[in-house]
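Me: I should be grateful for a close look at a single part of this structure, set in the context of the elements around it. Please give the account as one connected description.

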Amino acid sequence: MSDDLRGLPGHVAANREAWDRYATRYVEPGHRAWASDEPYWGIWGVRDSELHLLPDDLEGKSAIELGCGAGYVSAWLARRGARPVGIDNSPAQLESARRFQREFGIEFPLHLGNAEACPFPDASFDLAISEYGASLWADPYAWVPEAARLLRPGGRLIFLTIGVILQLCMEEREADDPAKTILRRPLFGMHRTIWPDDTAVEFHLPHGEWIRLLREHGFEIERLVEIQAPADAVDGTRYTHVTADWARQWPSEEAWIARKAG
Ligand SMILES: C[S@@+](CC[C@H](N)C(=O)[O-])C[C@H]1O[C@@H](n2cnc3c(N)ncnc32)[C@H](O)[C@@H]1O
C-alpha cells in the first residue's frame, strides 16, 4: 500500500485506487457537463428545470460538493452565484476538475480528502450536495453526520444516488446482465456492495434507513425524487447496467432533499 493510502479507512483507500483508474472515462462526460449552462442529472441527463433539485436562490450561498469528481455540479452552482468548495478522494478526478476550471474560467477551491471527515469548521456551509459522489461511494453512517456538522441550521442537503429498487434488481453491473424485473438481492442488510471483478466499494441503504439516519442527524426530509427516464431516453449511454425501458417503469435513480433543522 502506498504511503498516501495509509491511515485511510479500507473502503476509502480502495475507492481512491478505483477512481484514479476510472477517471479517464469521466473526462468527456465531465467536459460536456461543464459546457452546459443548464444543470442536468444522472445517467438520463434529466434537466434541473424538470426535477428542481437545486434551490432557486443560490446567490451568495456557500456550498460544499461531497465527492465532486470533475467538478461540474460546483461549476453550475458557481454560475448561479454560489460559492462552492469541492472535496474529492481521487487525485486524478481533481486533476480533471482543475483542467476544466482553467478551460471554463471558473475557479473554486478543490480539496483532496474523504467526505466522511472534511477539513472545515462546524456550520460553515448553506448547502451540501453530492451527485453519485459521497452519496454512493462513502459510508452513509459517516458522511451523513459529517454533512450535518458542516451545515448551518436551515442549510440544505441534496444528494442523488442509485435507486433502491434498481439495486435490488441487479446482481452484477455488467453490460451483459442489466437489471431484471425480479428481485435479485435482499433489501434487509443492504449497506456495502463490491461488484464482481472490481475493488471499489459502494454503499446503499433502504429508504426506511435513510429516513431514520437523516432524522437522527437533525434533517427534515423535504423531498424524495424518484427519477424516471424520459420518454425519448435510449440505450447505449455509457451506463449499461439498466435499460431505458426499465428506467421508464421504475426509478433507476433517486434524489433526496433534506433541510437541517434550526
Ligand atoms: C461518479 S463520481 C461523481 C462526481 C461527479 N458528479 C462526476 O460525475 O464527476 C464519484 C466521485 O466520488 C469520489 N469519492 C469516492 N469516495 C469518496 C469519499 N469518501 N470522499 C470524497 N469523494 C469520494 C470519487 O473519487 C469520484 O470522483
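**Strand 4 and its surroundings**

Reply: Strand 4 and strand 5 (residues 110-112) run parallel and are joined over 3 bridges. Within this pairing, Gly86 stands opposite Leu110 in strand 5. The chain passes from strand 4 to strand 5 by way of helix 5 (residues 91-104), and this β-α-β crossover is right-handed. The model described here is a predicted one.

Strand 4 itself covers residues 83-88, and 5 of its 6 residues are buried, so that the strand is mostly covered under the criterion of under 20% relative accessible area. Strand 4 also pairs with strand 3 (residues 62-66), again in the parallel sense, over 5 bridges. Here Gly86 is the bridge partner of Glu65. Gly86 therefore has a bridge partner in strand 3 as well as a residue opposite it in strand 5. Strand 3, helix 4 and strand 4 form a β-α-β unit that is right-handed.

The wider sheet places these pairings in order. It is an open sheet of 7 strands with mixed pairing, arranged as 5-4-3-6-7-11-10. Its edge strands are strand 5 and strand 10 (219-227), each of which pairs on one side only. From one strand to the next, the twist averages 15 degrees. An antiparallel pairing is found between strand 7 (residues 151-162) and strand 11 (residues 253-260), over 7 bridges; in that pairing, Ile162 stands opposite Glu253 in strand 11. Helix 5 packs on the sheet and touches both strand 4 and strand 5, and its direction makes about 165 degrees with that of strand 5. As a general point, strands of a sheet pair through backbone hydrogen bonds, either parallel or antiparallel.

The nonpolar cores complete the picture. The largest has 54 residues, and the members that touch the most others are Trp41, Trp44, Leu53, Leu77 and Val242. Helix 4 (residues 72-79) supplies the largest share of this core, with 5 residues. A second, separate core of 26 residues includes Ile87, Cys118, Leu157 and Ala258. Of these, Ile87 lies in strand 4, which spans residues 83-88. In the largest core, Leu53 is one of the residues touching the most other members. Leaving aside residues up to four places away in sequence, Leu53 touches Trp41, Asp48, Ile158, Leu160, Val225, Ala255 and Ile257.

Definitions and conventions
Residues are numbered from 1 along each chain as its sequence is written. This is a predicted model: local features need pLDDT of at least 70, side-chain atom pairs count only at pLDDT 80 or more; totals for chains, interfaces and linings use all residues. Side-chain values use heavy atoms; hydrogens and water are left out. A nonpolar core is a set of buried Ala, Val, Leu, Ile, Met, Phe, Trp, Tyr and Cys residues joined through side-chain atoms within 4.5 Å. Buried means under 20% relative accessible area, exposed over 50%, partly exposed in between (1.4 Å probe, protein chains only). Helices (H or I, at least four residues) and strands (E, at least two) are DSSP runs, numbered from the N terminus. Contact means heavy atoms within 4.5 Å. Two strands pair if DSSP finds at least two bridges between them. A crossover is right-handed if, with the strands pointing away from the viewer, the path from the first strand over the helix to the second runs clockwise. Axes are lines fitted to C-alpha atoms, for helices over the stretch in contact, and angles run from 0 to 180 degrees between N-to-C directions.
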